[in-house]
Amino acid sequence: MSDTAHRLPLSEGPVRPARTLAEHLRTWSDERLAALLRARPDLTTPAPHDSSQVASRAGTRASAQRALDDLTLLELAVLDACVVLGQSTRDETIAAVHGDPARVSAALDHLADLALVWESPGGVRALSGVADVLRGDLASGVSGLRPVMPHALGRAEAVERVAQLSAPA
């Protein structure tokens with residue numbers, strides 16, 4: 001997983017969560033940004049001028065697909081839960097995934113380090129476009145469930161559906 005020495009976990013991020021990924025990236029240390037660019041080198045070509053360009057590139061289908069290709073099954077399950085739940089608290093996301101809470105928390109932190117999820121005012125959310133790249137079949141570790149519209153499912157129903165589809169990790 002990524003270097004955590006210069007990273008604040010999602011739960012200890014900015015007092016006021018960022019409205020956009022670009023705003024969120026502006027709060028990162030130079031070391032954490034460098035780690036992101038090492039982990040996702042496609043974000044660096046051509047050299048970005050600011051965090052808005054990095055955020056924009058991170059959300060493209062091709063870039064998201066490259067990032068997802070290197071994820072573990074647990075990380076895919078956590079990312080899938082973020083997509084299905086929409087914006088949820090860190091604890092709700094961890095509870096929705098069948099797995100050791102410490103490992104799920106570490107997977108969530110890794111996804112944040114890759115800028116695949118971020119903490120918005122409404123809670124932890126997947127990067128726009130990630131849902132489009134996740135393919136739905138149980139063998140790949142994703143449910144295939146997607147919100148039809150924001151908050152279409154009640155939180156309890158979404159958690160129940162994810163729990164039915166995710167095997168203990």
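**Confidence, fold and a helix crossing in a predicted model**

Residues 1–9 stay under 50 in pLDDT (the predictor's confidence in each residue, from 0 to 100), and for this stretch the model has 16 contacts beyond four places in sequence, a contact being heavy atoms within 4.5 Å. The model is predicted, so to speak of local features a pLDDT of at least 70 is needed, side-chain atom pairs count only at pLDDT 80 or more, and totals for chains, interfaces and linings use all residues. Numbering runs from 1 along each chain as its sequence is written, and side-chain values use heavy atoms, with hydrogens and water left out.

Across the protein, pLDDT averages 78, and 77% of the residues score at least 70. Confidence is lowest in helix H9 (residues 155–165), with a mean of 77, and highest in H7, at 95.

As for the overall fold, the protein has 9 helices and 2 strands; these are DSSP runs numbered from the N terminus, helices being H or I of at least four residues and strands E of at least two. Along the sequence they come in the pattern α-α-α-α-α-α-α-β-β-α-α. Of the 169 residues, 42% count as buried, that is, under 20% relative accessible area with a 1.4 Å probe, protein chains only. Take the contacts between residues at least 6 apart in sequence: 67% of them join residues at least 24 apart.

Now to a helix pair. The axes of H5 (residues 73–85) and H7 (residues 101–113) come within 9 Å and cross at roughly 75 degrees; axes here are lines fitted to C-alpha atoms over the stretch in contact, with angles from 0 to 180 degrees between N-to-C directions. That makes H5 roughly perpendicular to H7, a label for angles of 65 to 115 degrees (under 35 is roughly parallel, over 145 roughly antiparallel, the rest oblique). H5 contributes Leu74, Glu75, Val78, Leu79 and Cys82 to the contact, while H7 brings Arg103, Val104, Ala107, Leu108, His110 and Leu111.

Just past H7, alanine 115 sits in the loop leading to strand S1 (117–120). Alanine 115 has a positive phi of about 60 degrees despite not being a glycine, and with 2% relative accessibility it counts as buried.

Proline 17, in the segment before helix H1 (21–25), offers a long-range pairing. Proline 17 and glutamate 119 lie 102 residues apart in sequence, yet 5.9 Å apart in space, C-alpha to C-alpha. Neighbours within four places aside, proline 17 is in contact with Glu23, Glu119, Ser120 and Pro121.

Conventions:
Buried means under 20% relative accessible area, exposed over 50%, partly exposed in between (1.4 Å probe, protein chains only).
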